[in-house]
Amino acid sequence: MQLLHKTDMHITKTDYLEYTFCRKNLWFMKHKPELFNDKELSEFEKKIIEEGNLADEAARNLFPGGELIELVGMRGVGQTKNVLAMKPKTLFQGAFLSDVFFVQADVLHWNEPLNGWELYEVKATNDVKREIPHHHVNDLAFQKLVIESGGLKIVKAGVIHLNSEYRQKGEVDYDELFIVADLTDEVLASEDAVREEMDEMKAYLSGAEERGCDCLYRGRNAQCTTFTHSHPEVPEYSVHDINRIGGSKKLFYDWIDRGIYALEDIDNPEKLKGAKKAQHQAYMAGKPLIDHEGITELLGELVFPLQFFDYEGYSSAIPRFDGFGAYEQVPFQYSLHTMREDGEIEHREYLVTDPVGDFTRPLLERMREDMDPNGTVISWYSTYEKQRNAKLAELHPEHAEFIETINEGMFDLMTIFSKNYYVDAAFKGSASIKRVLPVVVPHLTYKALGIQKGDQAIERWEKMISPETSQKEKDQIASDLLEYCKLDTFAMVAIYQFLLKLI
Ligand code: SF4
């Protein structure tokens with residue numbers, strides 16, 4: 001048996017969180033990283049990590065004069081001991097090792113009256129969860145146990161999170177941007193359970209083989225990259241791919257318990273309802289389900305000129321632009337394809353290349369020039385475009401009436417797919433444009449573009465507006481962004497034309 005303490009493997013706070021999500025997943029991460037890491041992190045996942053780091057750094061402004069442990073990982077343990085010997089008032093990233101457990105605490109702040117340390121975890125979130133068990137609480141309990149076994153006394157524990165009400169105006173006001181939430185009671189209440197879990201986790205990870213994989217009982221989106229390795233018996237398109245099947249536990253669990261994985265093997269399809277039923281029917285029929293009447297009725301409501309419209313938006317944990325808050329979407333680009341009744345199509349676009357001052361005003365003014373409020377504005381998942389519009393109206397009330405007219409008449413082209421008027425089994429129950437487009441208009445593809453996904457667009461825009469980026473690269477990014485957004489709206493035009501041919 002491979003014993004954990006005989007290896008140089010340590011169990012970190014992140015490992016513990018991973019363990020609470022899926023212990024087998026963590027075992028793979030430790031023992032078979034090549035399986036665990038077979039998918040590169042998306043730009044979105046990388047950004048979440050980066051935003052967390054930025055929030056952590058920003059929160060240090062709440063404790064002026066704090067000492068930072070610069071060494072990351074185990075090398076920080078020695079440095080932490082040395083710095084603690086100098087009795088600092090605040091310590092950032094203090095590193096502690098107890099048995100196999102390792103933590104690096106975001107903030108430790110000395111509390112003189114209570115004669116001990118306050119422990120804070122910085123979360124780049126807009127709120128805090130106090131339920132037990134929840135990782136906001138358990139995460140602190142894990143840290144407290146490790147730190148206290150090294151001899152320090154924790155007298156308070158809490159989460160420092162972002163204030164969703166905060167709006168940027170000039171310099172960042174850190175005292176307003178962050179909220180310090182006291183979770184001491186919750187942490188004390190969860191300590192025993194976390195201690196038990198830590199012992200279990202150590203024993204489990206010491207095992208020579210991984211055991212138990214519960215994802216046979218979870219929908220596809222909840223599975224990790226190692227599912228195929230653990231369950232080669234499950235076909236690529238299986239009952240796990242049925243739209244939100246995790247929500248129909250009784251039915252789903254019954255199939256799994258009886259070894260029904262393939263859609264062809266479902267022996268009680270009459271129990272499926274709504275989108276699930278439609279997906280199964282389309283799969284079994286081997287062709288799309290089409291509600292011609294429904295599509296005709298919905299498209300019949302549209303008024304020319306049709307205006308296919310899409311925003312790209314940027315957000316960050318620490319607000320960068322006046323008027324916006326933490327994670328609030330900042331529209332930086334739009335694309336608009338206008339189709340007249342005679343079929344003529346015209347394209348307009350706008351990209352913010354230098355976001356200084358009141359840069360959303362010229363964007364909105366250009367929109368007013370480009371759009372005809374008498375025609376229908378068409379978007380995909382219109383909630384997003386409507387929310388951006390509403391924010392622009394809040395910032396520029398003189399344009400509120402125009403925005404209201406646009407929002408009231410906006411048509412969501414996704415509705416045709418989300419309401420099952422057109423269902424192809426290849427959508428796998430999703431109505432996202434990235435799933436629908438390659439199936440209904442396969443020749444239109446993002447593959448040849450410099451930017452292929454929304455999260456990449458955000459990352460590229462951030463790079464483009466950085467003063468460190470060369471003009472040559474800025475120009476290239478601007479061109480890539482324009483091409484990407486243009487395809488988003490042209491994709492809607494193509495899908496609309498595809499639907500027209502059906503009716
Ligand atoms: S597929 Fe699910 S249960 Fe299996 S290892 Fe991955 S996350 Fe865990």
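Helices α17 and α19 cross in a left-handed sense, and this pair is a good place to enter what is a predicted model. Helix α17 covers residues 433–440, and its axis lies 11 Å from that of α19, at an angle of about 55°. An angle of that size makes the two helices oblique to each other. If you would like to find the contact on screen, look for Ile433, Val436, Leu437 and Val440 on the α17 side, with Ala491, Ile495 and Phe498 facing them from α19. The make-up of this contact is easy to remember: seven nonpolar residues, no polar ones and no charged ones.

Helix α19 has other partners, so let us stay with it. Two packed helices are described by the angle between their axes and the distance between the axes. For α18 (residues 454–464) and α19, the axes come within 9 Å and cross at roughly 150°. With that angle, α18 is roughly antiparallel to α19. The crossing is again one in which α18 passes α19 in a left-handed way. On α18 the contact uses Ala457, Arg460, Trp461, Lys463 and Met464, while α19 contributes Lys474, Ile477, Ala478, Asp480, Leu481 and Tyr484. Here charge does appear, as the contact of α18 with α19 holds seven nonpolar and four charged residues, with no polar ones.

A further neighbour is α12, residues 292–300, which packs against α19 at about 125° with 10 Å between the axes. The two are therefore oblique to each other, and α12 passes α19 in a left-handed crossing. His292, Ile295 and Leu299 of α12 meet Leu499, Leu500 and Leu502 of α19. Five of the residues in this contact of α12 with α19 are nonpolar and one is polar, with none charged.

Now turn to the sheet. Strands of a sheet pair through backbone hydrogen bonds, either parallel or antiparallel. In this model, five strands form an open sheet in the order β11-β10-β9-β12-β13, and the pairing is mixed. Strands β11 (345–351) and β13 (411–412) are at the edges with a single partner strand each, so one side of each has no neighbour in the sheet. Helix α19, which spans residues 471–502, packs on this sheet and touches β9, β10 (330–339), β11 and β12, its direction making about 45° with that of β10.

Both kinds of pairing can be followed in detail. Strands β10 and β11 run antiparallel and are joined by seven bridges, with tyrosine 334 standing opposite tyrosine 350 of β11. Five residues lie between the strands in the hairpin of β10 and β11, where glycine 343 adopts a positive phi near 95°. Strand β9 (residues 306–314), in turn, pairs with β12 (residues 377–379) in the parallel sense over two bridges. There, glutamine 307 stands opposite valine 377 of β12.

Finally, step back to the domains. The domain assignment gives domain 1 (4–206), domain 2 (218–284) and domain 3 (295–502). The centres of domain 1 and domain 3, taken over C-alpha atoms, are 38 Å apart. Their contact draws 17 residues from domain 1 and 15 residues from domain 3. Which helix gives the largest share of the domain 1 side? That is α4 (residues 43–59), with seven residues. Eight nonpolar, four polar and five charged residues make up the side of domain 1 that touches domain 3.

Conventions. Residues are numbered from 1 along each chain as its sequence is written. This is a predicted model: local features need pLDDT of at least 70, side-chain atom pairs count only at pLDDT 80 or more; totals for chains, interfaces and linings use all residues. Two strands pair if DSSP finds at least two bridges between them. Helices (H or I, at least four residues) and strands (E, at least two) are DSSP runs, numbered from the N terminus. Two residues are in contact if their C-beta atoms, placed from the backbone, lie within 7 Å. Axes are lines fitted to C-alpha atoms, for helices over the stretch in contact, and angles run from 0 to 180 degrees between N-to-C directions. Angles under 35 degrees count as roughly parallel, over 145 as roughly antiparallel, 65 to 115 as roughly perpendicular and the rest as oblique. A crossing is left-handed if the near helix is turned anticlockwise from the far one by less than a right angle, and right-handed if clockwise. Ala, Val, Leu, Ile, Met, Phe, Trp, Tyr, Cys and Pro count as nonpolar, Asp, Glu, Lys and Arg as charged, and the others, Gly among them, as polar. Domain bounds come from an automatic or database domain assignment.
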